[in-house]
Amino acid sequence: MDTDAQLSERDRSPEPAQGEEQGSRSSRFPGKTPPAEIPGRSRPARIRDWPAGGGPLRRTGLLLTACLVFLLLLSSYVVQPFLIPSGSMENTLQVGDRVLVNKLAYSFGDEPVRGDVVVFDGTGSFVQDAPSENMITGLIRKGASSVGLMSPARTDYIKRVIGVGGDRVTCCDARGRLQVNGRPIDEPYLFPGDAPSRVPFDIVVPPGKLWVMGDHRSGSRDSRDHLGEPGGGTVPVGRVVGRADWIGWPFGRLTSLRRPDAFADVPDPSGRRHG
């Protein structure tokens, strides 16, 4: 059977028919013209409408990105969670605690004072040569540690300030106590059973530097361990990241880290006592 003969009315032209069927999809659905196709619509208006134009997935992605950027800015300039990686500050801080480091504490002319618990970059004082790290690994670590999900960089430390610029710090008096500017100090924050120090020392802290020690003296590598190195174990004030003001996690240990009264009667290097 000659089927072509029966379908002679079919248009054999290679050119598709131009009619209403060939118009754009939006022309077949009045009112559905995308914003970008509206005649005379300005570029700023199209940019403004872009977030809503991709549906829930695009809006969710933008929201997550905005939250991440906010957290990174917050941790970079205001408050950063810091994961405690060792027991050098026990029992004040436990392994796995997340402390919240106040980065504004010393941003307006104030400097660390005796008794503060500070986070600092030990490059040049505790670490002479910063360990190398893969760039990708470093970026991942920096991002994760900024929100307290990973341990900080290996050059970051957390210790208690014992002496500031000009102070003379010695170990020890007849009762085994540290002395700052000739005044013995009782340290209630020490790890139970620990001596203030089993290593004798006598140092005058240079201006602009700090003498720092861990609360778990027998388990802390601190200023005492770097006496013979450049800087003599002291940490430049400019290397301080911030002051640890709170334990934020776990919730059962949620508390503020108050400055102890142990240093209240210590005179400054000129002999004047602080109130």
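A residue is called buried when its relative accessible area is under 20%, and in this predicted model 36% of the 275 residues of the protein chain count as buried. The accessible surface of the protein chain comes to about 16,700 Å², of which carbon and sulfur atoms supply 56%. The protein chain contains five helices and twelve strands. Among the contacts in the protein chain with a separation of 6 or more, 67% are made by residues that stand 24 or more positions apart.

Several of the strands are connected through β11, which covers residues 240-249. Strand β1 (79-83) is joined to β2 by five bridges, and the two strands run antiparallel; within this pairing, Gln-80 stands opposite Val-101 in β2. Strand β2 (98-102) pairs in turn with β11, again in the antiparallel sense and over five bridges. Val-101, the residue that faces Gln-80 of β1, also stands opposite Ala-244 in β11, while Arg-98 has Trp-249 as its bridge partner in β11. A further partner of β11 is strand β3 (residues 117-121), which pairs with β11 in the antiparallel sense over three bridges, and here the bridge partner of Val-118 is Arg-243. Strand β11 is also joined to β12 (residues 255-256) by two bridges, with the two strands running antiparallel; Ile-247 has Thr-255 in β12 as its bridge partner. With five residues between them, β11 and β12 form a hairpin.

A separate description can be given for an open sheet of four strands, in which the order is β7-β6-β5-β8 and the pairing is antiparallel. The edges of this sheet are formed by β7 (183-184) and β8 (201-204), each of which pairs on one side only. Strand β6, made up of residues 178-180, is joined to β7 by two bridges, and these two strands run antiparallel; Gln-179 stands opposite Pro-184 in β7. In the loop between β6 and β7 lies Asn-181, whose phi is positive, at about 55°, although this residue is not a glycine.

Two cis peptide bonds are also found in loops. The peptide bond from Glu-90 to Asn-91 is cis, with omega near -5°, and Asn-91 belongs to the loop between β1 and β2. Another cis peptide bond joins Cys-171 and Cys-172, with omega about 0°; Cys-172 is found in the loop that lies between β5 (168-171) and β6.

Charged side chains add another set of connections, and the count comes to twelve salt bridges. One of these is formed by Asp-202 and Arg-168, the closest N and O atoms of the pair being 2.5 Å apart. Because Asp-202 lies in strand β8 and Arg-168 in strand β5, this salt bridge ties together parts that are 34 residues apart in sequence. Asp-202 has a relative accessibility of 47%, so this residue counts as partly exposed, and Arg-168, at 44% relative accessibility, likewise counts as partly exposed.

A salt bridge between buried residues is found where the side chains of Arg-217 and Glu-187 meet, with an N to O distance of 2.7 Å. This pair links distant parts of the chain, with Arg-217 in the loop between β9 (209-213) and β10 (235-236) and Glu-187 in the loop between β7 and β8, 30 residues apart. Arg-217 and Glu-187 are both buried. The side chains of Arg-177 and Asp-173 also meet in a salt bridge, in this case at 2.9 Å from N to O, and both Arg-177 and Asp-173 are buried. These two residues belong to a network of salt bridges that links Asp-173, Arg-177 and Asp-186.

Notes: Residues numbered from 1 in each chain as written. Predicted model: local features only at pLDDT ≥ 70, side-chain atom pairs only at ≥ 80, totals over all residues. Heavy atoms only, no water. Pairing = 2+ DSSP bridges. Buried < 20%, exposed > 50% of the residue type's maximum accessible area, 1.4 Å probe, protein only. Contact = heavy atoms within 4.5 Å. Areas by Shrake-Rupley, 256 points an atom, 1.4 Å probe, with all protein chains shown as cover. Salt bridge = Lys/Arg side-chain N within 4 Å of Asp/Glu carboxyl O.
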